[in-house]
2 protein chains.
Amino acid sequence: MKARVTVTLKKGVLDPQGKAIHGALSTLGFDGVEGVRQGKLIEIELDETNRDDARRKVEAMCEKLLANTVIENYAIDLV
Amino acid sequence: MKARVTVTLKKGVLDPQGKAIHGALSTLGFDGVEGVRQGKLIEIELDETNRDDARRKVEAMCEKLLANTVIENYAIDLV
């Protein structure tokens, strides 16, 4: 089973990487962009077949390693 | 309108960041992980209201800046 984890910065947390992309887009002539936020996407291939077990496992991974829950949110999609 | 762009490494392209996560998960005692790939998630807030125009614009951004199409794939979701 495959899990797609998206990790995004919480609202209000400064995102210099997003700001840099925003600036670069402006420089390239893309206007009409109001904001850019960058996050992470982590795809995990698991040998788990039970969806509930897989979700629990990936949640534990997020809490322990993949996301810094002080400043980041995470979302898990099982594919 | 908001666009979510996911940029992932193409199949066969080495992913040292994914390998590092995989190693860290093993060290933390998470077994049953068969593979980890890391990608990027970019959320763009556009002042465009037409979906087709928005998609065209974001596609151009991906080709020019957001993705290195030699080694990366991108996918666009309009929210």
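In this predicted model, Met61(A), Leu65(A) and Leu66(A) of helix α2(A) meet Ile21(B), Ala24(B) and Leu25(B) of helix α1(B). By residue class, this contact of α2(A) with α1(B) is made of six nonpolar residues, with no polar and no charged ones. Two packed helices are described by the angle between their axes and the distance between the axes. Here, α2 of chain A, spanning residues 51-66, packs against α1(B) at an angle of about 105°, and the two axes lie 11 Å apart. Because angles from 65 to 115 degrees count as roughly perpendicular, α2(A) is roughly perpendicular to α1(B).

The helix pair is one part of the contact between the chains, to which chain A gives 31 residues and chain B gives 31 residues. The size of an interface is often given as the accessible area lost when the parts come together. For chain A and chain B the buried area is about 2,700 Å², and carbon and sulfur atoms account for 66% of that area. On the chain A side, Phe30(A), Leu41(A) and Leu65(A) contribute 19% of what chain A buries against chain B, more than any other three residues. Leu65(A) is also one of the α2(A) residues that meet α1(B). As for charge pairing, zero salt bridges are found across the interface of chain A and chain B.

Turning to the sheet, both chains take part. Its six strands follow the order β3(A)-β1(A)-β2(A)-β2(B)-β1(B)-β3(B), forming an open sheet with antiparallel pairing. At the edges are β3 of chain A (72-78) and β3 of chain B (72-78), each of which pairs on one side only. On average, neighbouring strands are turned by 25° against each other, direction ignored. Helix α1 of chain A, residues 16-27, packs on this sheet and touches β2 of chain A (33-46) as well as β2 of chain B, with its direction at about 125° to that of β2(A). Helix α1 of chain B, also residues 16-27, lies across β2 of chain A and β2 of chain B, and runs at about 125° to β2(B).

Within chain B, the pairings can be followed residue by residue. Strand β1 (residues 2-9) pairs with strand β2 (residues 33-46) in the antiparallel sense over six bridges. Along this pairing, Val7(B) has Lys40(B) as its bridge partner in β2(B), while Arg4(B) stands opposite Glu43(B). Strand β1(B) also runs antiparallel to β3(B), to which seven bridges join it. There, Val5(B) stands opposite Ile76(B) of β3(B).

How values were computed. Residues numbered from 1 in each chain as written. Chains lettered and ligands numbered in written order. Predicted model: local features only at pLDDT ≥ 70, side-chain atom pairs only at ≥ 80, totals over all residues. Heavy atoms only, no water. Pairing = 2+ DSSP bridges. Helix = DSSP H or I, 4+ residues; strand = E, 2+ residues; numbered from the N terminus. Axes fitted to C-alpha atoms, helices over the stretch in contact; angles between N-to-C directions. Contact = heavy atoms within 4.5 Å. Parallel < 35°, antiparallel > 145°, perpendicular 65-115°, else oblique. Nonpolar A, V, L, I, M, F, W, Y, C, P; charged D, E, K, R; others polar. Buried area = accessible area lost by both parts, 1.4 Å probe. Salt bridge = Lys/Arg side-chain N within 4 Å of Asp/Glu carboxyl O.
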